[in-house]
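Q: I have this model open and would love a close look at one part of it, with its surroundings explained step by step. Could you pick a spot and walk me through what lies around it?

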Amino acid sequence: MRSLLLALPALFFLAPDVQAQARAAYTIRNVQTNECLTALGETSSFVWRNEPVRLMPCDAKLPRTQLWHLDEVAGYHYYSYRVVSAAGGRVLDIHPSTRRATTYPVLPWYQSNQVYDLTGWAQWTFESHQGGCLDAYYLAYRYGPEVGTWNCHRGNNQQWMVHWAAEL
């Protein structure tokens, strides 16, 4: 497993058989709102419909819905990832007509609306292969809770802090 250059635990010092079993889980916090990306609705990977993703206050009582795995997409840039919810394994998906962030079952083939290029260092930008950057929408004179993609401008509402939270 390839991981981001973040402040990660010493995963690489584990024995190879343990290393293959460990899977890092992260919280993804928006810089503008200081709230966490949260998967809502159905968590089953067997339900074939889009479920909402919102920004919500980071809360230890909602651990699985606010934890995400970053799975490298083979055959693309070394920084291309699927962002997969720890609550049931659904992938962060951009709805093609609304550009809203949702979760959807992981499709086994390449889907541009399910793959993101991560760029940055302490603060990250998630650029969708479908186009645009993951964005805390500005609605009703405030940022969030709606999340989707917008033209990339690298403002604070498009910057995300990715923090290691657990090994699941």
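## A close look at Arg-100

A: Let's start with a side-chain pair: Arg-100 and Glu-146 are joined through their side chains by a polar contact of 3.4 Å. Please keep in mind that this is a predicted model, and that everything below is computed from it.

Where does Arg-100 sit in the chain? Arg-100 belongs to the loop between strand 6, residues 91–94, and strand 7, residues 101–104. Arg-100 has a relative accessible area of 30%, so it counts as partly exposed. Beyond four places in sequence, the contacts of Arg-100 are Asp-93, Ile-94, His-95, Tyr-137, Glu-146, Val-147 and Gly-148. One of these, Tyr-137, is 37 residues away from Arg-100 along the chain, yet the two C-alpha atoms are 9.4 Å apart.

The residue just before is worth a look too. Arg-99 is in the loop between strand 6 and strand 7, and its relative accessibility is 30%, so Arg-99 is partly exposed. Its backbone stands out: phi of Arg-99 is near 65°, a positive value, and Arg-99 is not a glycine. For background, most residues other than glycine have a negative phi, and most peptide bonds are trans. Arg-99 lies in the turn of a hairpin made by strand 6 and strand 7, with six residues between the two strands.

Now for the strands on either side of that turn. Strand 6 and strand 7 are paired antiparallel, with four bridges; in this pairing Leu-92 of strand 6 has Thr-103 of strand 7 as its bridge partner. Strand 7 also meets strand 3, residues 51–56, in an antiparallel arrangement joined by two bridges, and there Pro-52 is opposite Thr-102. Within strand 7, Ala-101 and Thr-103 point one way, while Thr-102 and Tyr-104 point the other way. That fits a general pattern: in a regular strand the side chains alternate between the two faces of the sheet. Which of these four strand 7 residues are buried? All of them are.

Strand 6 has a buried member as well. Val-91 is in strand 6 and has a relative accessibility of 0%, so it is buried. Outside its neighbours within four places in sequence, Val-91 touches Arg-82, Val-83, Val-84, Thr-102, Thr-103, Tyr-104, Pro-105, Val-106 and Gln-114, a list that includes residues of strand 7 such as Thr-102 and Thr-103. Val-91 and Trp-68 have 23 residues of sequence separation and a C-alpha to C-alpha distance of 9.0 Å.

Thr-103 also leads to an empty space. The lining of the second largest cavity includes Thr-103 along with Ala-39, Leu-40, Gly-41, Glu-42, Thr-43, Ser-85, Ala-87 and Arg-90, and this cavity holds about 30 Å³. How many cavities of 30 Å³ or more are there? The count is two.

Back on the other side of the polar contact, we come to strand 11. This strand covers residues 142–150 and contains Pro-145, which is joined to Gly-144 by a cis peptide bond with omega of about 5°. Further along, Thr-149 is part of strand 11 and is buried, because its relative accessibility is 1%. Apart from neighbours within four places in sequence, Thr-149 is in contact with Ile-94, Arg-99, Ser-128, Gly-131, Gly-132, Cys-133, Leu-134, Asp-135 and Tyr-137. Ile-94 and Tyr-137 are contacts of Arg-100 too, while Arg-99 is the turn residue with the positive phi.

A second arginine with a positive phi follows strand 11. Arg-154 has a phi of about 65° and is not a glycine; it is in the loop between strand 11 and strand 12, residues 160–167. With a relative accessible area of 40%, Arg-154 is partly exposed.

Finally, the wider setting. The protein chain contains one helix and 12 strands, and along the sequence the helix precedes the strands. Of its 168 residues, 45% are buried. Contacts between residues at least 6 apart in sequence join residues at least 24 apart in 55% of cases; the pair Arg-100 and Tyr-137, at 37 residues apart, offers a local example of sequence separation. The accessible surface of the chain is about 8500 Å², with 57% of it from carbon and sulfur atoms.

Terms used. Residues are numbered from 1 along each chain as its sequence is written. This is a predicted model: local features need pLDDT of at least 70, side-chain atom pairs count only at pLDDT 80 or more; totals for chains, interfaces and linings use all residues. Side-chain values use heavy atoms; hydrogens and water are left out. Buried means under 20% relative accessible area, exposed over 50%, partly exposed in between (1.4 Å probe, protein chains only). Contact means heavy atoms within 4.5 Å. A polar contact is a pair of N or O atoms within 3.5 Å; within protein, one must be able to donate a hydrogen and the other to accept it, and residues adjacent in sequence count only if both atoms are side-chain atoms. Accessible areas come from the Shrake-Rupley method with a 1.4 Å probe; for residues, only the protein chains shown count as cover. Two strands pair if DSSP finds at least two bridges between them. On a 1 Å grid over the protein atoms alone, a cavity is a set of points where a 1.4 Å probe fits but cannot get out, and a pocket is an open set with protein on both sides within 12 Å along at least five of seven lines; lining residues have an atom within 4 Å of a point. Grid points are joined across faces, edges and corners, and a volume is the space filled by probe spheres set on the points.
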